[in-house]
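Dear colleague,

I am handing over the structure below, and after it you will find a short account of what came out of it. Please read the account with the coordinates open beside you.

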Amino acid sequence: MSSPYLEYFGLQREPPASMPQLHLLCFNREEPDVILRAELEAMQRALPQLTVFHALSQHAAPLAPGAASAWTGGVGRPSRELLGEHLPPPGPEVQVFFCGP
């Protein structure tokens, strides 16, 4: 399976100090829908400038009342508020790319 952003990040051959900050926001319905999670986590470890944020629109509640959920990412659909929390403010050096339906 391939994804344009994985190819883009994989092609980054610049020294890490000269790379721009990269923010990848991934929105899925449920946790099993998150594709290439291990690869993204490995890229985030290898590229200090890369921040990956996952959010689920249909996050299941814990089975028992008061039990902690294993999900540590965000919850919700893309919104102005969520994007504002996880993307840099607009500016002349900021570029945003969108991939998906």
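I begin with helix α2, where E41 and R37 both lie, four residues apart, which is about one turn of the helix. Please keep in mind throughout that this is a predicted model. The side chains of these two residues, E41 and R37, meet in a salt bridge with an N to O distance of 3.5 Å, and salt bridges that share partners join E31, R37 and E41 into one network. The other link in that network is the salt bridge between E31 and R37, in which the closest N and O atoms are 2.8 Å apart; the structure holds two salt bridges. As for their surroundings, E31 is partly exposed at a relative accessible area of 33%, R37 counts as partly exposed at 28%, and E41 is likewise partly exposed at 37%.

Turning to the overall fold, the protein comes to three helices and three strands, and from the N terminus on these elements run α-β-α-β-β-α. Helix α2, which spans residues 37-46, makes a right-handed β-α-β unit together with β1 and β2. Strand β1 (residues 22-28) pairs with β2 in the parallel sense over seven bridges, and within that pairing L25 stands opposite F53 in β2. On β2 there is also a parallel pairing with strand β3 (residues 74-75), this one joined by two bridges, where A55 has G74 in β3 as its bridge partner.

Strand β2 is mostly covered, since six of its seven residues are buried. How buried or exposed is H54, which is found in this strand? H54 counts as buried because its relative accessibility is 13%, and the cut-off for that label is under 20%. Leaving aside residues up to four places away in sequence, H54 touches C26, V34, L40, W71, G73 and G74.

For the protein as a whole, buried residues make up 27% of the 101 residues, and the accessible surface comes to about 7500 Å², of which 59% belongs to carbon and sulfur atoms. Among contacts between residues at least 6 apart in sequence, 59% join residues at least 24 apart.

With best regards

Notes
Residues are numbered from 1 along each chain as its sequence is written. This is a predicted model: local features need pLDDT of at least 70, side-chain atom pairs count only at pLDDT 80 or more; totals for chains, interfaces and linings use all residues. Side-chain values use heavy atoms; hydrogens and water are left out. Buried means under 20% relative accessible area, exposed over 50%, partly exposed in between (1.4 Å probe, protein chains only). Contact means heavy atoms within 4.5 Å. Accessible areas come from the Shrake-Rupley method with a 1.4 Å probe; for residues, only the protein chains shown count as cover. Two strands pair if DSSP finds at least two bridges between them. A crossover is right-handed if, with the strands pointing away from the viewer, the path from the first strand over the helix to the second runs clockwise. A salt bridge is a side-chain nitrogen of Lys or Arg within 4 Å of a carboxyl oxygen of Asp or Glu.
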